[in-house]
Amino acid sequence: MVRGQRSVAVVGAAQTPFGTRPESAPRLLRDCVREVLSSVDKGIAPADLGAGYLATLGFGGWQLGDAAALLAEEAGRPSMPTVRVENACASGGSAIRQAYHAIRSGEVDVALVVGVEKMTDLTSRRRRFWLGVSGDTEWERLAGLTFAGVYALMARRYAMDHGPLEPALAAVAVKNHANGARNPHAHFQKVITAEDHDSSPLVADPLRLYDCSPVSDGAAGVILARRELAARFTDTPVYLVASGGGSDHLALQDRESLTSLRATREAAQEAFRASPFLPKDVQFAEVHDCFTIAELLALEDLGLAPRGGAGQKELAGDTSLGGSLPVNPSGGLKAKGHPLGATGVSQVVEIFQQLRQAAGPRQVPGAERALAHNVGGSGATAVVHLFSR
Ligand code: COA
């Protein structure tokens with residue numbers, strides 16, 4: 001990888017509204033593909049698409065085999081080579097990474113990546129099953145540990161190491177809800193206060209309702225193209241300048257730490273090694289805040305906050321819109337919502353809009369460099385992407 005090479009461009013991006021949606025998964029997929037194709041400024045024809053990547057956990061088992069073929073159908077090019085990418089909650093980021101590598105290898109010129117999930121039409125028992133099979137099934141799920149429970153263990157250990165945590169968790173929730181209130185595609189467009197957070201029901205001590213991302217439906221998509229072709233599609237592409245991936249043990253008990261995700265650290269190191277800029281140059285970030293504690297861990301593992309110092313940054317307002325490093329201007333998973341397969345793609349939709357100065361009332365002024373961070377399950381996999389104008 002040549003340092004600083006801007007070999008891949010994002011030339012189109014769109015998403016459906018996230019939330020409790022009436023549409024089926026195939027319908028969300030169809031609506032999203034239409035919107036992504038029409039988001040390309042100078043237009044794009046089905047024949048321009050060289051490959052398709054569908055990110056979905058297949059929540060509820062809506063179409064476990066060959067779901068990717070639907071992407072080719074909806075794109076108007078049924079013969080397009082497609083593949084489904086399933087990497088738990090990191091499916092979206094992982095699909096973008098596959099497309100990035102295909103374009104960099106020279107095999108593909110233009111790729112369509114769409115993430116979709118339909119979660120809300122399942123009973124809570126079936127939701128627990130489908131969420132549970134994204135974590136360690138042998139030790140954690142069979143012992144009754146939910147994702148909220150897993151992240152609660154991380155939060156407890158973090159509090160033991162770094163002191164009282166609740167004010168910082170509340171700050172993350174309040175900030176992400178404030179941002180979500182400015183995002184017409186967010187699941188929750190509702191401002192909350194720290195008191196709302198502190199008085200919400202405990203889900204898994206110390207995590208409360210407002211520490212959790214919701215169960216959401218939605219789809220998001222992007223079109224990536226070889227840099228030299230970008231001008232055919234738009235005069236204002238966004239460059240995907242580096243990609244990093246990492247993994248760790250699946251079960252929490254096998255990991256070296258409960259308060260740092262090795263998968264994130266390794267993904268970030270790989271991305272920054274290949275990037276023309278450093279963590280200090282990132283101007284805003286979309287990070288994987290499936291629970292508020294996860295945002296703190298992410299900032300530290302990505303090198304955007306000192307170890308044990310992320311809470312202070314949140315409390316000081318540094319991560320708010322208008323702060324020195326806005327985090328999750330979209331509302332994040334917490335408020336924008338978390339339809340698993342769509343989440344990592346939706347982070348890039350936000351970055352595309354922000355770097356083109358088209359994010360409306362949640363615009364990060366003058367932003368030129370951004371980071372996207374997408375985590376699988378309880379942190380067994382992670383993907384980091386870096387972008388510039
Ligand atoms: N944040 C804020 N409000 C939420 C919420 C959340 N995460 N989840 C639900 N609500 C609200 C609903 O909008 C509803 O409000 P209303 O009464 O004003 O209409 C109310 O809380 C009850 O909703 P309900 O769907 O019955 O909640 P629930 O108790 O079934 O689910 C959680 C709440 C936290 C258990 C559920 O959101 C959850 O499991 N989240 C985690 C999902 C997850 O693990 N994802 C993978 C992460 S790695």
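Helices, labelled H here, are DSSP runs of at least four residues, numbered from the N terminus. With that in hand, note that just after helix H11, Gly303 takes a positive phi of about 80°. Keep in mind that this is a predicted model. Below is a quick tour of one helix pair, one buried helix and a few backbone spots you might want to look at.

**H3 against H14**

- Helix H3 covers residues 91-105 and helix H14 covers residues 340-355; the two pack with their axes 5 Å apart, at an angle of about 60°.
- That angle of about 60° falls outside the 65 to 115 degrees that would count as roughly perpendicular, and H3 and H14 are therefore oblique to each other.
- On the H3 side, the residues that meet H14 are Ser91, Gly92, Gly93 and Ile96.
- H14 brings Gly341, Gly344, Val345 and Val348 to the contact.
- Sorted by type, the residues of this contact come out as three nonpolar, five polar and no charged; Gly is counted among the polar ones.

**H11, wrapped up by its neighbours**

- Helix H11 runs over residues 292-301, and 10 of the 10 residues are buried, so the rest of the structure largely encloses it.
- The buried set in H11 includes Ile293, Leu296, Leu297 and Leu299.
- Glu295, Glu300 and Asp301 are also among the buried residues of H11, and these residue types count as charged.
- The cover over H11 includes helices H6 (147-162), H7 (166-180), H10 (262-273) and H12 (310-315).
- Strands take part as well: E6 (207-208) and E10 (369-376) are among the elements covering the buried residues of H11.

**The cis peptide**

- Asp205 and Pro206 are joined by a cis peptide bond, with omega at about 10°.
- Pro206 sits in the loop between strand E5 (202-204) and E6, and E6 is one of the elements that cover H11.

**Positive phi outside glycine**

- Ala88 has a phi near 50°, which is positive even though the residue is not a glycine.
- You'll find Ala88 in the loop between strand E3 (82-85) and H3.
- Is Ala88 buried or exposed? Its relative accessible area is 10%, and the cut-off for buried is under 20%, so Ala88 is buried.
- Asn328 is another non-glycine residue with a positive phi, here near 60°.
- Asn328 lies in the loop between H12 and helix H13 (332-336), and H12 is also part of the cover over H11.
- With a relative accessibility of 0%, Asn328 counts as buried.

How values were computed: Residues are numbered from 1 along each chain as its sequence is written. This is a predicted model: local features need pLDDT of at least 70, side-chain atom pairs count only at pLDDT 80 or more; totals for chains, interfaces and linings use all residues. Side-chain values use heavy atoms; hydrogens and water are left out. Axes are lines fitted to C-alpha atoms, for helices over the stretch in contact, and angles run from 0 to 180 degrees between N-to-C directions. Angles under 35 degrees count as roughly parallel, over 145 as roughly antiparallel, 65 to 115 as roughly perpendicular and the rest as oblique. Contact means heavy atoms within 4.5 Å. Buried means under 20% relative accessible area, exposed over 50%, partly exposed in between (1.4 Å probe, protein chains only).
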